[in-house]
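User: Could you pick one part of this protein and take me through it closely, then show how it fits into the rest? I'm in my first year, so please explain the terms as you go.

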Amino acid sequence: MDVNRNQEWSEALFRLICVYTAICLFAGFERSGDAFLNSSNKSGIQVDDLVDRFVGMQIAADRSGALALINQALASGIPVPGVMLDVIQPAQYELGRRWECDEISIADEHVGTAIAYLAINRLYEVLPRTEPREQRLVVACVEGEQHDLGARMIADLCEMHGFEVIYLGANVPTESLLRLIDDRRPDATLLSATMTWNLPELERTANRIEAMSVPVVAGGRALSWVGDNVGHLDLYAPRESPLDLLSRLGNELDHARQ
Ligand code: B12
């Protein structure tokens, strides 16, 4: 394949991802959906109850209690993504709400977030993995972005879907990220932004990565908060369930390869 043909494929793939993500803007992204969780939960354990209890333990700084709850949820048959997206994520949003309403302090939020990380690390130990896909993804928060729990969940879910993942975490300096992408040549890069003030950096970084013929998928609350009011950036904003998004990303990368 010559260079032009490679570029055509990359552009076609990127257009596909853009069209797909634009459609997803209207699909609702924040949660995996209780239907998924309830159908897998044979013990009659209530999701909302789990969220309340987990938040209670976060606020009480009860690390071992929170871990026991996560283990109980797993033992009851709730799958790893269900615990992640339908228990830990809403618990984090609830912490944010309480912090915003001055019901808890910044210190309380830090304690709770540290517990959420403990839980995510526990889930990683038992992460189910499909067959390896031989596709490499880079997952990173854009420069300036400190909220990395969502990106970490996405990285773990990508691994679960068989992707090889290079996960960089919070606040990745753009120049360094670009060098890593140039060195490691991922099949796609997933960028995360929570604060809307990081959207310009997200857009600049995405443009530079695309110029290297690496497709970009962007997500995070900044994108869902601004909706389609950010010029062409909305094209990158996936609002579908992360699980659906990742299956589809895998299929699109497979097609682009053929
Ligand atoms: C924990 C937390 C922090 C921690 C973050 C620690 C960490 N390691 O992540 C710390 C203390 C650093 C922090 C700092 C700040 N925070 Co804060 N924080 C939160 C909180 C409570 C939880 C975030 C979280 O863990 N979410 C859970 C994850 C799993 O959800 P998620 O990020 O949405 O990710 C999911 C999806 O969005 C998506 N996704 C995410 N990334 C990607 C990427 C791709 C490619 C894809 C496909 C999908 C995807 O998939 C994930 C799984 O479904 C939120 C509350 C909230 N409602 O979000 C506030 C919140 C986001 N923070 C807020 C604020 C204001 C701040 C600060 C400005 C506070 C300050 N004055 O300093 C700073 C800004 C820091 C910065 N420069 O980035 C506000 C933002 C308000 C706004 N509308 O802009 C919030 C909403 C709190 C509130 N209710 O007011 N924060």
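Analyst:
**A close look at Thr189 and its surroundings**

Let's begin with threonine 189, which is buried because 25 other C-beta atoms lie within 10 Å. The cut-offs are simple: a residue is buried with 20 or more other C-beta atoms within 10 Å of its own, exposed with 12 or fewer, and partly exposed in between, with the C-beta atoms placed from the backbone. Please keep in mind that this is a predicted model, in which local features need pLDDT of at least 70 and side-chain atom pairs count only at pLDDT 80 or more, while totals for chains, interfaces and linings use all residues. To find your way, note that residues are numbered from 1 along each chain as its sequence is written.

Threonine 189 sits in strand β3, which covers residues 188–192. Strands (E, at least two residues) and helices (H or I, at least four) are DSSP runs, numbered from the N terminus. Leaving out residues up to four places away in sequence, threonine 189 touches Val138, Ile181, Ile209, Val214 and Val216. Touching, or being in contact, means that the C-beta atoms of two residues, placed from the backbone, lie within 7 Å. Threonine 189 and arginine 136 are 53 residues apart along the chain, yet 8.8 Å separates their C-alpha atoms.

Such long reaches fit the picture of the whole chain. Among its contacts with a separation of 6 or more, 80% join residues 24 or more positions apart. The chain has 258 residues, 38% of them buried, and its secondary structure consists of eleven helices and four strands.

Now step over to the nonpolar core. In soluble globular proteins, nonpolar side chains tend to be buried together. A nonpolar core here is a set of buried Ala, Val, Leu, Ile, Met, Phe, Trp, Tyr and Cys residues joined through C-beta atoms within 7 Å. The largest one has 57 residues, and Val83, Val139 and Leu191 touch the most other members. At least three residues of this core come from each of domain 1 (34–125) and domain 2 (130–257); these bounds come from an automatic or database domain assignment. Valine 139, for its part, is in contact with Ala151, Ile154, Ala155, Cys158, Val165, Tyr167, Leu168 and Leu190, not counting neighbours within four places in sequence.

Some of those partners of valine 139, including Ala151 and Ile154, are also among the buried residues of helix α7. This helix is mostly covered, with ten of its twelve residues buried. From first C-alpha to last, α7 reaches 17 Å, close to the 16 Å expected at 1.5 Å a residue; the expected span is 1.5 Å times one less than the number of residues. Just after α7, glycine 162 takes a positive phi of about 90 degrees.

Strand β3 also leads us to the ligand. Along with α5, α6, α7, β4, α10 and α11, strand β3 supplies at least two residues of the shell around the ligand. In total 37 residues surround the ligand, the closest being Gly96, Gln146, Gly150, Ser192 and Gly219; a residue counts as near if its C-beta atom, placed from the backbone, lies within 6 Å of the molecule. Helix α5 gives the largest share, nine residues. Both domains contribute to the shell, so the ligand lies between domain 1 and domain 2. By class, the shell has 18 nonpolar, 13 polar and six charged residues, where Ala, Val, Leu, Ile, Met, Phe, Trp, Tyr, Cys and Pro count as nonpolar, Asp, Glu, Lys and Arg as charged, and the others, Gly among them, as polar.

Next comes glycine 220, in the loop between β4 and α10. Glycine 220 is buried, with 27 other C-beta atoms within 10 Å. Setting aside residues up to four places away in sequence, glycine 220 touches Gly150, Ser192, Ala193 and Thr194. Two of these partners, Gly150 and Ser192, are also among the closest residues to the ligand.

For contrast, finish with two loop residues. Glutamate 134, in the loop between α6 and β1, counts as exposed because 12 C-beta neighbours lie inside 10 Å. Asparagine 171, in the loop between β2 and α8, is partly exposed, with 15 other C-beta atoms within 10 Å. Although neither is a glycine, phi is positive in both: about 60 degrees for glutamate 134 and about 50 degrees for asparagine 171.
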